[in-house]
Amino acid sequence: MSVPICLRAANRVGREAYGFCSALWAARSVFSGGYWCGGGLPCLCLSFSSFYRRAKCFPPCQCGISVENKCASVGYEDLDGTVDYINRFTLEGGNPFLKHEKIHSLELMGAWRQFFAQVAYTYKKDPIMYIARPSGNDGEVKLVTKDNLAEVQGLQAFVGGQFKAGIWQPRVNVGIMKQWLTIDYSDARKSMGKPVALVQLQNAIHLPYDIWMNVDRQWMSAGNDDNTYQEQSSYLNAKLYKAFFNNRFSLTLEANDIFNKDNRDVRVMSKDVTIQRFSTISNRTFMLTLQYTFNATRDRYRGQGAGKNELNRF
């Protein structure tokens, strides 16, 4: 599950426009290369991505539309037919007949002053998910593998803003992610549509002696992702940064996941099998980084991107 925390409209190609709306149309066709499709046969996947329209209304306002049509290749480890022993009732292995996913997405973005909003709809055909199927004649032993389901639809909506109050510069992002998926589970049809909420609070504080302190907090609610149910999680990160000698030397002290709450217990559901996975790994880390930059001045021989002149034409 990917969580967007910034507005991609701010990075689109275009020139600042003033007054009434002006629009820029652009399209790009990208050849993604060869993939291995079902049956072990090589196939070609042509991806049409980053087809968007961007409108610049008034100077503080930006809005955009992004349409993407792409396919995600299957990982080689998922195609491996080797079967691993989990316990006397459960086996796990790959599926050499997996097909790649076809992903269609529509994204609407808008920004005004220090605020932004983003809504994205995604349709996946042949999504790859974990399933369980009988192994053997009696059906008591189950093989956990991956397979292509028919389809899944998802919707993501995010709003946020960044502010400044003296030495404190907070940034807030709030969002919700929901999918539409129904699976066969326990001799019935089960909806996997419980939404997941996300709240992010990022704080940057400019302390005396030019010391920066960052305190980031995130909370994610419990909900469904694919054919799994994931418990809630959260983390708290803190960092101190100080630069010396005209930014040649810097010292960074970091503490990540201070309360060790970023692990998510996952329950996989497929037909008559339920797999509960508990994460006991500690994500709490502490780091001290000392960095010295040689040749801090800008390289006079550094060139410009080959496409910069083409981009400026717009």
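Start by selecting G223, which sits in strand β16 (residues 223-225); strands here are DSSP runs of E of at least two residues, helices are runs of H or I of at least four, and both are numbered from the N terminus. You are looking at a predicted model, where local features need pLDDT of at least 70, side-chain atom pairs count only at pLDDT 80 or more, and totals for chains, interfaces and linings use all residues. Residues are numbered from 1 along each chain as its sequence is written, and side-chain values use heavy atoms, with hydrogens and water left out.

**Around G223**

G223 is buried, with a relative accessible area of 1%. Buried means under 20% relative accessible area, exposed means over 50%, and partly exposed is in between (1.4 Å probe, protein chains only). Now show the surroundings of G223: leaving out residues up to four places away in sequence, G223 touches K194, P195, V196, T228, Y229, Q230 and R264, where a contact means heavy atoms within 4.5 Å. Add A197 as well; A197 and G223 are 26 residues apart in sequence, and their C-alpha atoms are 8.2 Å apart in space.

**Next stop: S270**

Select S270, in strand β20 (residues 266-270). At 8% relative accessibility, S270 counts as buried. A polar atom of the S270 side chain lies 3.0 Å from the backbone nitrogen of A132. Beyond its neighbours within four places in sequence, S270 is in contact with Y130, I131, A132, D184, Y185 and N227.

**Into the core**

Which residues form the largest nonpolar core? Select M129, I131, L149, V152, L181, I183, Y185, M192, A222, Y229 and M269: these eleven residues are the answer. A nonpolar core is a set of buried Ala, Val, Leu, Ile, Met, Phe, Trp, Tyr and Cys residues joined through side-chain atoms within 4.5 Å. Strands β8 (128-135) and β12 (182-185) each supply at least two residues of this core. Apart from it lies another core, of seven residues, including F158, M177, V196 and L198.

Return to L149 for a closer look. Not counting residues up to four places away in sequence, L149 touches D126, P127, M129, I131, L181 and I183.

**Rings that meet**

Rings of Phe, Tyr and Trp (its six-membered ring) pair if their centres lie within 6.5 Å; planes under 30 degrees apart count as stacked, over 60 as edge-to-face and the rest as tilted. By this rule there are five aromatic pairs. One of them joins F115 and F163, edge-to-face, at 5.6 Å centre to centre and with 70 degrees between the planes. F115 lies in strand β7 (residues 115-125) and F163 in the loop between β10 (151-162) and β11 (168-180), so the pair ties together parts that are 48 residues apart in sequence. Both rings belong to partly exposed residues, with relative accessible areas of 34% for F115 and 36% for F163. Add W112 to the selection, and you have a cluster of W112, F115 and F163 linked by ring pairs.

**Charges over rings**

A charge sits over a ring if NZ of Lys or CZ of Arg is within 6 Å of the ring centre and within 35 degrees of the ring normal. Select K178 and W180: the charged end of K178 sits over the W180 ring, 5.2 Å from its centre. Then pick R277, which lies over the face of Y130 at 5.2 Å from the ring centre.

**Zoom out**

Finally, show the whole protein chain, with its two helices and 22 strands. Of its 314 residues, 34% are buried.

Technical notes:
A polar contact is a pair of N or O atoms within 3.5 Å; within protein, one must be able to donate a hydrogen and the other to accept it, and residues adjacent in sequence count only if both atoms are side-chain atoms.
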